[in-house]
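Please open the model in your viewer and keep the selection tool at hand, since this tour moves from one selection to the next.

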Amino acid sequence: MSHKFLDETTVPANPAAALRYTSSMSHRPTHLENTMPHPQLQMILQQMPKAELHIHIEGSLEPELIFELAQRNGVALAYDSVETLRQAYAFDNLQSFLDIYYAGASVLLHEQDFYDMTAAYLRRAAQDNVCHAEIFFDPQTHTARGVPLRAVVDGIYRACQEGPISASLIMCFLRHLSEDDALATLEDALPLRDKIIGVGLDSSELGHPPEKFARVFERCRQLGLRLVAHAGEEGPPAYIESALDLLNVERIDHGVRCLEDPLLVQRLAREQIALTVCPLSNIKLRVFDTMAQHNMLELLDAGLVVTVNSDDPAYFGGYMNANLLAVFDALPLGLSHAQRLARNSFTAAFLDPETKRGYLAQVDAYFAGLAL
Ligand SMILES: [Zn+2]
């Protein structure tokens with residue numbers, strides 16, 4: 001699954017390799033793909049309109065805000081400074097990350113705290129030219145600490161209503177907890193139904209297959225909620241299949257392990273099931289050892305609806321554009337891939353068809369207007 005590093009400015013001597021640069025191009029002359037200077041591609045990645053579909057709002061909590069909220073709420077932290085907290089981010093697998101993630105979330109107590117956290121993320125996302133975000137939140141992380149669900153949802157929702165970008169909420173169930181706990185959380189959320197567009201499934205994947213949550217997802221489907229689930233990150237491709245067949249999800253979060261099952265890849269391509277891939281997260285959590293080994297190019301070459309996202313940006317070393325830059329820096333990806341990723345982010349979004357067409361037109365106008 002590893003790639004040989006090819007610089008963006010390199011013109012491959014082998015015609016077959018040259019084709020890899022251009023296989024998915026729509027209308028641009030092929031030479032641009034190979035001769036465009038790298039700084040220009042960086043600028044395009046930063047400036048192109050895009051959507052973010054895989055962001056856990058609690059994972060956008062920067063150490064500075066954790067300290068500010070701890071002080072405001074009188075919460076004692078196990079770290080005596082912003083620096084020591086940042087240093088503690090040297091986790092090496094999903095579980096050690098989740099341990100510090102939940103510790104960080106402990107400072108969130110009031111509606112205003114959730115508002116402040118979300119407003120900070122939305123401002124930051126706007127700087128990366130994210131036009132639309134579909135934001136995950138973990139209600140059980142907060143209700144288990146006695147925080148009312150209404151404070152969580154109202155705070156996040158109020159910030160989303162105020163902009164500066166379009167945003168909607170996806171409520172995630174923690175898969176290491178029971179399905180009964182998820183069902184109770186859903187019941188709790190019913191009065192807030194209008195503020196939530198969908199539900200997801202996150203937290204420790206291994207040992208907690210999607211089928212564990214079949215009943216609660218069926219109930220959500222009946223309620224008209226959009227459905228997504230994390231699958232095929234640390235768990236096997238079979239989890240992707242059961243998320244599709246037993247939970248009826250419309251998008252797969254991560255899903256990078258799908259390549260281990262060629263029939264599954266064919267199905268994902270045929271049904272155009274989007275994968276919300278998070279490159280920096282994948283490296284930090286050792287799904288891949290290095291970015292050069294990431295399978296983003298294979299996923300794209302397989303015809304999958306791949307999107308790039310930040311997952312937990314405060315913890316994994318970067319927001320949307322940092323993820324794009326890192327993956328384009330390490331892999332032989334070019335202009336056509338950039339446009340495809342920008343388009344995919346809106347194609348896969350839970351937006352009404354007219355709004356979606358508007359964003360796709362913005363992407364195409366942006367790329368058509370480039371002076372290359
Ligand atoms: Zn995630």
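Two strands are said to pair if DSSP finds at least two bridges between them. Keep that cut-off in mind while you look at this model, which is a predicted one.

**The sheet**

Begin by colouring the strands, and you will find that 8 of them form an open sheet in the order 1-2-3-4-5-6-7-8, with parallel pairing. Strand 1 (50-56) and strand 8 (305-308) stand at the edges of this sheet, and because each has a single partner strand, one side of each is left without a neighbour in the sheet. If you look along the sheet, neighbouring strands are turned against each other by 25° on average, direction ignored.

**Strands 6, 7 and 8**

Next, select strand 6 (residues 251-254) together with strand 7, which run parallel and are joined by 3 bridges. Within this pair, Ile-252 has Leu-275 of strand 7 as its bridge partner. Follow the chain from strand 6 through helix 13 (residues 262-270) to strand 7, and you trace a β-α-β crossover that is right-handed.

Now add strand 8 to the selection: strand 7 (residues 274-277) and strand 8 run parallel, and 4 bridges join them. Here Thr-276 has Thr-307 in strand 8 as its bridge partner, while Leu-275 stands opposite Val-306 of strand 8.

Are the residues on the two faces of strand 7 buried or exposed? Ala-274 and Thr-276 on one side, and Leu-275 and Val-277 on the other, are all buried, and both faces of the strand are therefore covered. In a regular strand the side chains alternate between the two faces of the sheet.

**The nonpolar core**

Which residues touch the most other members of the largest nonpolar core? This core has 108 residues, and those to select are Ile-135, Phe-137, Ile-156, Leu-169, Ala-243, Val-306 and Val-327. Strand 3 (residues 166-174) gives the most to this core, contributing 7 residues. Centre the view on Ala-243, which, leaving out residues up to four places away in sequence, touches Pro-210, Ala-229, Ala-231, Val-249 and Ile-252. In soluble globular proteins, nonpolar side chains tend to be buried together.

**The loop after strand 4**

Move on to the loop between strand 4 (198-202) and helix 11 (214-222), where you will find Ser-204. Ser-204 counts as partly exposed, because it has 15 C-beta neighbours inside 10 Å, and a residue needs 20 or more to be called buried. Apart from neighbours within four places in sequence, Ser-204 is in contact with Leu-94, Gln-95, Leu-98, Arg-175 and His-176. If you draw a distance from Ser-204 to Gly-317, which is 113 residues away in sequence, the viewer should give 20 Å from C-alpha to C-alpha.

Ser-203 lies in the loop between strand 4 and helix 11 as well, but Ser-203 is buried, because 21 other C-beta atoms lie within 10 Å.

**Backbone angles to inspect**

Most residues other than glycine have a negative phi, and most peptide bonds are trans. With this in mind, select Ser-203 again, for its phi is positive, at about 80°, although it is not a glycine. Then go to Asp-311, in the loop between strand 8 and helix 16 (313-316), where phi is also positive, near 65°. Asp-311 is buried, because 28 other C-beta atoms lie within 10 Å.

Finish at Pro-164, in the loop between helix 9 (149-162) and strand 3, where a cis peptide bond with an omega of about 10° joins Gly-163 and Pro-164.

Methods:
Residues numbered from 1 in each chain as written. Predicted model: local features only at pLDDT ≥ 70, side-chain atom pairs only at ≥ 80, totals over all residues. Core = buried A, V, L, I, M, F, W, Y, C linked by C-beta atoms within 7 Å. Buried ≥ 20, exposed ≤ 12 C-beta atoms within 10 Å, placed from the backbone. Contact = placed C-beta atoms within 7 Å. Axes fitted to C-alpha atoms, helices over the stretch in contact; angles between N-to-C directions. Right-handed = clockwise from strand over helix to strand, strands pointing away.
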